[in-house]
Amino acid sequence: MSETTPPTPPLTLLGLGAMGTALARTWLAAGHPLTVWNRTPHRAAPLAAEGAVVAATARDAVAANGLVVVCLLDDASVGETLEGVDLAGRDLVDLTTGTPGEARARAAWARARGARFLDGGIMAVPPMIGVPESGGYVLYSGSRALFDAHAPTLARPAGTRYVGEDPGFAALHDVALLSAMNGMFAGMAHAFALIRREEIAPAEFAPLLVEWVTAMAGSAYTTAERLDSGDLTSGVVSNLAMQVTGGGTLLRTADEQGVDRALMAPYLDLMRRLLAQGGRDEEDTTGVVDLLLSR
């Protein structure tokens, strides 16, 4: 670190919702001079008491510092907030949740205005911010030079994982991981529904469920290997034909227990389609991945 580089560089934060406020408090606690702006001014008052400089306008906030972090409601809000604001020479880090396409378009928009751009996907909830042991992290993609220049500052609120120069990759990783999470939640909801009317305590069933889901999570490595190699049959333990046959039992049990098939049927239908469209009996269910790309 050179003598001219402060240990806690200044930055600007636009957006003080629950996540933005958590980010702000972490940077302030670490000693970073922080300028903040929010569309609803009263949200900034507590942070002003903690040492933040409150800008009257987004334009003033952006002008205050070279590093500008944006954490707003959606991509449209980013465009509205920064409309007409001079971004030349600024490093713009967008932590607003959006799609890969929105991130790519926003990166081009920022470059056209003379700014470097980095998109971020926050894999944490506000209480995890500023708590290293929570395991929260932020996925970043876009300008590698920007990321490297501000890595220590960006790492203050949560861990950082740079996933590529393509500005859409952070959002894509974010949504892919959240999609897997929601699929897991769907499976757990179905499992609890199956036992709900029985004399089985959910608290006693939960440890079995967690143990089972944890054990099965490792199959992601096998799926990745098969997708890379194209070999869908070597070392298969539970083949596609067996899975399709077993799916009938899952659905009949749901019917017996008075549980809606809505969460289970779509995936089982995909496996049946795969088998009907030429999937080999002896392969596993990896082929469902490419089947999803068929439309």
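Is Phe205 buried or exposed? In this predicted model, Phe205 has a relative accessibility of 19%. Buried means under 20%, so Phe205 counts as buried.

Now look at the aromatic rings. The model has three aromatic pairs. One of them joins Phe147 and Tyr162. Their ring centres lie 5.2 Å apart, and the planes meet at 35 degrees. Planes under 30 degrees apart would count as stacked, and planes over 60 as edge-to-face. The Phe147 and Tyr162 pair is therefore tilted.

Where do these two rings sit in the chain? Phe147 belongs to helix H6, residues 144-154. Tyr162 belongs to strand S8, residues 159-162. The pair therefore ties together parts that are 15 residues apart in sequence. Phe147 has 7% relative accessibility, so this residue is buried.

Phe205 has a ring partner too, Phe192. The two ring centres are 5.7 Å apart. Their planes stand at 75 degrees, so this pair is edge-to-face. Phe192 lies in helix H7, residues 169-195, and Phe205 in helix H8, residues 202-217. This pair therefore links parts that are 13 residues apart in sequence. Phe192, at 29% relative accessibility, counts as partly exposed.

Return to Tyr162. Together with Tyr140 and Phe147, Tyr162 forms one aromatic cluster. Arg144 lies over the face of Tyr162, 4.4 Å from the ring centre.

Another arginine is placed over a ring as well. The charged end of Arg161 sits over the ring of Tyr137, at 3.8 Å from its centre.

Definitions and conventions:
Residues numbered from 1 in each chain as written. Predicted model: local features only at pLDDT ≥ 70, side-chain atom pairs only at ≥ 80, totals over all residues. Heavy atoms only, no water. Phe/Tyr/Trp six-rings, centres within 6.5 Å; stacked < 30°, edge-to-face > 60°. Helix = DSSP H or I, 4+ residues; strand = E, 2+ residues; numbered from the N terminus. Buried < 20%, exposed > 50% of the residue type's maximum accessible area, 1.4 Å probe, protein only. Lys NZ or Arg CZ within 6 Å of the ring centre and 35° of its normal.
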